Amino acid sequence: MVLGSGFGGYSLIRHLRRAALEITLVSPRNYFLFTPLLPSAVSGSVEFRSILEPVRRRQRHVRLLEAAALGVDFERRSVRCRSAVGAEEFDLAYDTLVVAIGAAVADYGVSGAARFALPLASVEDGRALRRAVLERFAGADLPGLPLAEVERRLRFVVVGGGPTGVEVAAEIQDLLRGELARSFPALAPVARVLLVEAGERLLSGFGEALSDYTRRVFQRSGIEVRTGSAVSRVEAAEIFFADGRTLRYGLAIWAGGNAPLPLVENLGLETKPDGRIVVDRYLRVPARAGVYALGDCAACGEPPLPATAQVAQQQGRYLADVLGSKREMRPFGYRRMGMLAYIGAGRALADLPHVQWSGRSAWLFWRSVYLTRLVSPANKVKVLFDWVKARLFGRDLSRF
Ligand code: NAI
């Protein structure tokens, strides 16, 4: 039984296709979401449906139960579940259990962050964020508003200068500079995207030269970057910083990093200080026979591998080999492929094992890599068409 249909769980079930196993996937979502293109769906460069893979259509060798796991009884080898539709509870027995449930968005106890700032982790988040951006423009385009209030309503503050925050800020700025500037010519020059980061530099996981380059590109395209700015509280229209400064905003977006999901805490397994489940080099959970964990919810190796899509994907594939064959297996070996990030204005970063580069050619590389990584041929064609459509006719600004 596999819990979770994210990068790890989906990669596992795809690669278990040829194994003669009875596979049950428990997930409240009946699709796999290609999260690297989620920020592009917020701006409308691609459609949400183009980056979703319906599990039932593509993975017919798997029994999908659309439910959330609530807890596991390791003695009785059963999982308590609640159905995604109807909230009915039931138990499900397993022989082998793979926990691949991902992570939640971390707010580090910052009061008001979860309530007032929008996250970007799911399709629902993406749609809400896209709608909120368009709503701010509709709400600022009213007669008689003082300029200071228009400025506040159109101040988009992204908290967190990791890859998520950078890509979201970049995509929103692209929209401001592009279609929104054409549709709201008087308002767009007033709108501002601000990226605030507690640390001293953006993208601490990338090389320093690439962080500096991102800052310069952001400066040129009009995104204001504030590093060394830890947010300590968020209220309905105002952000408070640890050093006492405040900032009034129209829309706050929270990209502060990953935290364990409540289910991981409920399992009672050994965890690292960051809350991830400790697993050995074979992705086994110690002292729990037949239980594995992988992806963002698991900590493998010392220091633990990063919580990224490519780690989860490689672990899913590795575990499929382990479970699908009787051969003696080698421990999991991670192959670092490098990281890519879109930084707006048709530019990207490529931080690869032997080379780092940035700019337009990196952007073309970014697009070609993601196009090849999208799982199904159908989605590859859809995303390609979306990019061509956006280029020819502009991104759609319908607010629904
Ligand atoms: P992250 O953990 O990489 O970045 C979060 C940032 O928010 C940190 O720089 C942190 O200092 C900052 N932060 C946290 N609390 C704050 C506060 N109160 N005030 C101001 N700043 C605050 O999280 P992210 O970007 O969501 O990424 C999560 C994981 O997924 C990472 O491992 C990342 O590498 C990976 N990822 C990779 C992508 C890519 O390679 N293109 C895209 C998206 C995620």
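**Ligand shell, domains and unusual backbone sites**

A nitrogen atom of the ligand is found 2.9 Å from a polar backbone atom of Val-231, a polar contact being a pair of N or O atoms within 3.5 Å (within protein, one must be able to donate a hydrogen and the other to accept it, and residues adjacent in sequence count only if both atoms are side-chain atoms). Of the 840 Å² of accessible area that the ligand has on its own, the protein covers 74%, with accessible areas taken from the Shrake-Rupley method with a 1.4 Å probe, where for residues only the protein chains shown count as cover. This is a predicted model, in which local features need pLDDT of at least 70 and side-chain atom pairs count only at pLDDT 80 or more, while totals for chains, interfaces and linings use all residues. Residues are numbered from 1 along each chain as its sequence is written, and side-chain values use heavy atoms, with hydrogens and water left out.

**Around the ligand**

- The shell holds 22 residues, of which Thr-164, Glu-197, Ala-198, Val-231 and Leu-340 come nearest; a residue counts as near if one of its heavy atoms lies within 4 Å of the molecule.
- An N or O atom in the side chain of Glu-197 is 2.6 Å from an oxygen atom of the ligand, and a nitrogen atom of the ligand lies 3.1 Å from a backbone N or O atom of Ala-198.
- Helix α7 (residues 163–177) gives the most to this shell, with three residues; helices (H or I, at least four residues) and strands (E, at least two) are DSSP runs, numbered from the N terminus.

**The two domains**

- The domain assignment, which is automatic or from a database, gives domain 1 (2–103 + 260–325) and domain 2 (113–256), and their centres, taken over C-alpha atoms, are separated by 32 Å.
- In domain 1, 14 residues are in contact with 13 residues of domain 2, where contact means heavy atoms within 4.5 Å.
- About 1,100 Å² is buried between domain 1 and domain 2, and carbon and sulfur atoms give 68% of this area, which is the accessible area (1.4 Å probe) that two parts lose on being put together, summed over both.
- On the side of domain 1, Pro-39, Val-42 and Phe-48 lose the most area to domain 2, together 50% of what that side buries.

**Backbone sites in loops**

- Glu-302 and Pro-303 are joined by a cis peptide bond with omega of about -5°, and Pro-303 lies in the loop between β21 (298–300) and α11 (309–324).
- Ala-87, although not a glycine, has a positive phi of about 50°, and its place is in the loop between β7 (78–83) and β8 (89–93).
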